[in-house]
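Reader: I am new to this structure and would like to go through it with you step by step. Could we look at it together?

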Amino acid sequence: MKIDKLTINGFGKIENKEITFTEGLNIIYGENESGKSTIQTYITAMLYGLDKKQASKYLPWNKGEYGAINTLQYTLDNGKTYIVEKNLNRKTTSIYTKQPYQDITPLFSINKKNVLFMEEQTGLNQTVFESSVLIKQKEIEVEQKNRKDIIERLLRLSKYGDENIDYTKAIENLNKLNNEIGEGNTGKHKKLIQINQQIAELETDKENAYKNIDTMREIDQCIKELNKNKQKIEGEIQELNYIKEIKKRPILNHYKELSDKLIQCKENREKLNEQLKLYTQVNTITEQDIAIIDKAFNNVLQNSYQAEDNDRSGEHTIKNQIIKERIEQLRKSLFRNRFISGVLTGAISIAGFILGQQKPYWYSLLLTIPVIGLITYNNIKHTKSKIATLKERNHRPKQSNIEQSSLLLRQKLETIGIKSDDNAMLPVLVHELKQSWDTRKDITKQILDTEKEIAIISENLRISSGVMDIGNEKEIKNDIDEKKYQKLMQKYNINEAKNIAQIEEMIEDKKEKLKEIEINISSENKELEILSIQYSHPGDIEEKIEVALQEKTKLERTKESINIAKSYLDESLRDIERNYIPSLNRQMSDVLNNITSSKYGEVDTSSELDIVIRDLNNGTLSPESLSSGTIDQIYFSLRLAVSSLLSQKEQLPIIIDEAFAQYDDTRLRNVMNYIADLSIQRQVILFTCQNREIEQLEKINSAYNKIILEG
């Protein structure tokens with residue numbers, strides 16, 4: 001892989017700058033603070049991304065935000081060229097192929113908005129990239145925290161030639177799986193302890209299921225007994241009600257008689273009220289009014305009687321006698337006239353009959369009869385008139401007293417609304433008035449008596465209805481089973497002296513017992529319902545136990561397999577260590593011999609990348625016992641050896657930043673010669689603020705691409 005071009009539109013102090021690299025050696029020259037570190041960070045940011053601290057540090061100085069689009073173009077070993085475009089403000093990344101120009105961003109994985117194109121294309125994550133191919137001043141030694149990642153990749157690479165095969169990860173996964181399974185006795189989240197707990201719980205559930213079955217059977221039997229007692233008490237209540245009903249018969253009969261009598265009284269009251277309406281004209285007349293009218297009427301009668309007595313006494317005696325004689329004569333004359341009229345009429349009739357067919361005589365007879373009848377009628381009428389006149393003269397009272405008392409009577413009658421100008425009608429009016437008033441008074445008395453009787457009957461009915469609870473009885477049944485009645489009386493030890501109230505107390509006691517039984521039945525049914533909801537068939541639980549035991553066996557076998565796999569992996573890792581360390585030592589020794597003119601024989605590294613030097617003259621030496629320049633050379637060799645081993649998938653470029661500041665001229669010459677040779681095989685980008693590196697390259701006539709940064 002090689003980096004072709006950078007297009008920086010805004011990053012730190014650099015703005016609108018394009019940098020082009022060649023395949024071999026590239027020298028980026030600039031004084032301090034000219035932007036060399038900014039470019040290095042830009043490369044890392046374009047390939048992997050920026051953390052929050054870096055994003056804040058490298059904001060464009062003049063804008064306060066990144067350029068809209070920053071790009072980096074690179075070419076892989078297979079010759080395909082790619083362009084990375086990043087909008088660092090929006091934190092978006094796009095990957096394109098150059099020929100043809102095509103967006104291939106969706107082909108790569110994304111982690112926390114970072115497109116992992118570089119890891120998938122080169123096999124290096126950012127940590128390994130910065131710890132191997134990126135060699136900075138004072139950071140030549142690999143940091144302890146980054147060694148683990150590098151070692152793991154070197155292990156995979158040395159065994160299979162593919163650093164993506166992760167043995168440590170596999171062991172971690174096996175340990176994780178083994179830990180998840182657990183030992184079966186500790187750790188509530190361990191699978192084995194969970195399955196053991198599940199089996200124990202299922203065994204308890206099975207035991208409880210059998211207990212529940214027994215309990216449910218007991219409850220069911222209890223409910224049956226309670227229902228049996230309930231039916232018994234309900235029957236007893238029904239029998240006691242039958243006894244009460246028989247004892248109620250006389251009272252009910254009396255109640256019905258009272259009810260019928262009440263209806264009759266109410267009907268009679270209605271009739272009397274209707275009769276009373278016929279005498280509304282005397283509604284306002286009081287007993288005092290009747291007494292006054294009666295007194296006035298008696299005065300009229302008394303005056304009339306007095307006048308008649310006067311006519312019979314003294315001076316009128318002879319006159320009255322003469323009048324009586326004259327009346328007797330007139331009566332006799334009236335009798336004679338009637339007799340003569342009858343004889344004449346009969347004679348004429350006989351003559352007409354005898355004459356028969358002689359019509360002239362018949363017509364004369366017909367004309368004579370009316371004339372005779374008319375004469376006779378007038379005589380009789382005149383005679384009657386005379387008799388009446390004589391009688392009136394004989395009985396006429398003293399008119400002045402009669403008129404005065406009659407006037408007073410009429411005035412009294414007018415005060416109550418009765419008017420009459422005819423004195424002869426006064427007795428009739430008074431008689432009718434008194435008769436109407438007496439009748440109304442009698443009707444009113446009958447209504448009051450009826451109302452009292454209704455009130456008494458209603459009160460008796462109310463008392464009977466309330467005490468005996470018979471207000472809703474519609475009818476009285478006539479069918480009485482005397483044998484049944486007597487048998488029930490004996491059953492409940494009830495004699496005829498015991499009244500209905502006492503029987504009702506017995507019924508209430510039965511009802512209380514019935515209510516208690518119903519409560520117990522409800523409680524038992526509720527408990528049975530709860531047990532039914534919680535009920536599980538023991539056979540179903542047995543099946544679950546069997547499944548759990550199979551799962552337990554599977555986990556135990558898996559755990560056994562994991563332990564076997566781990567033992568094989570551990571052995572494989574030891575083989576890998578034996579293989580990769582010699583390879584790393586060879587690579588590192590080769591680099592170190594080249595840059596030190598074979599001053600040091602062998603370099604050994606441990607599995608933790610700790611280094612020791614085997615000097616031919618001084619034996620084994622640790623880096624800390626050597627000069628700082630030699631230490632830089634040793635760790636530079638380690639970096640190159642590591643980057644070489646990790647470049648199996650892609651030949652990665654080497655980026656060096658002021659790594660040779662502590663080198664003397666000899667060391668610098670040796671290392672520049674090695675870099676010049678190395679640049680033939682892979683791209684090298686060297687950042688420097690001195691001309692020493694360029695002068696050495698000029699001396700050995702090495703080709704290079706010089707990029708000058710303005711301060």
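Reader: What is the distance, N to O, in the salt bridge where the side chains of E236 and K510 meet?

Author: In this predicted model, local features need pLDDT of at least 70 and side-chain atom pairs count only at pLDDT 80 or more, while totals for chains, interfaces and linings use all residues. Residues are numbered from 1 along each chain as its sequence is written, and side-chain values use heavy atoms, with hydrogens and water left out. A salt bridge here is a side-chain nitrogen of Lys or Arg within 4 Å of a carboxyl oxygen of Asp or Glu. The side chains of E236 and K510 meet in such a bridge, and the N to O distance is 2.7 Å.

Reader: How many residues apart in sequence are the parts that the pair E236 and K510 ties together?

Author: Helices (H or I, at least four residues) and strands (E, at least two) are DSSP runs, numbered from the N terminus. Because E236 lies in helix α7 and K510 in helix α14, the pair ties together parts whose separation in sequence is 274 residues.

Reader: Is K510 buried or exposed?

Author: Relative accessible area, from the Shrake-Rupley method with a 1.4 Å probe and only the protein chains shown as cover, is called buried under 20%, exposed over 50% and partly exposed in between. Its partner E236, at 12% relative accessibility, counts as buried. K510 has a relative accessible area of 17%, so K510 is also buried.

Reader: Which residue forms a salt bridge with K211?

Author: The partner lies, like K211, in helix α7 (residues 191–276), four residues away, which is about one turn of the helix. K211 is partly exposed, with a relative accessible area of 45%. The closest N and O atoms of the bridge are 3.6 Å apart, and the residue that K211 pairs with is E207.

Reader: What is the relative accessibility of R667, which forms a salt bridge with D664?

Author: In the bridge between D664 and R667, the closest N and O atoms are 3.3 Å apart. D664 is partly exposed, with a relative accessible area of 36%. R667, in turn, counts as buried, its relative accessibility being 18%.

Reader: Which residues gather with D509 in a patch of negative charge on the surface?

Author: A patch is made of residues with over 30% relative accessible area and no salt bridge, where like charges are joined within 9 Å; Asp and Glu count as negative, and the place of a charge is taken as CG of Asp or CD of Glu. D509 is found in helix α14 (residues 500–534), and at 49% relative accessibility D509 counts as partly exposed. The residues that join D509 in this surface patch are E505, E512 and E516.

Reader: What is the order of the strands in the open sheet of six strands?

Author: Two strands pair if DSSP finds at least two bridges between them. Within the sheet, β1 (residues 2–8) and β4 (residues 70–75) pair in the antiparallel sense over five bridges, and β5 (residues 81–87) and β6 (residues 92–97) do so over six. The pairing in the open sheet is antiparallel, and the order is β2-β1-β4-β5-β6-β7.

Reader: Which residue in the turn of the hairpin formed by β5 and β6 has a positive phi?

Author: On the strands themselves, V84 has I95 in β6 as its bridge partner. The hairpin of β5 and β6 has four residues between the strands, and the one in the turn with a positive phi, of about 60°, is K91.

Notes:
Patch = residues over 30% accessible without salt bridge, like charges linked within 9 Å, V, L, I, M, F, W, Y side chains within 5 Å. Buried < 20%, exposed > 50% of the residue type's maximum accessible area, 1.4 Å probe, protein only.
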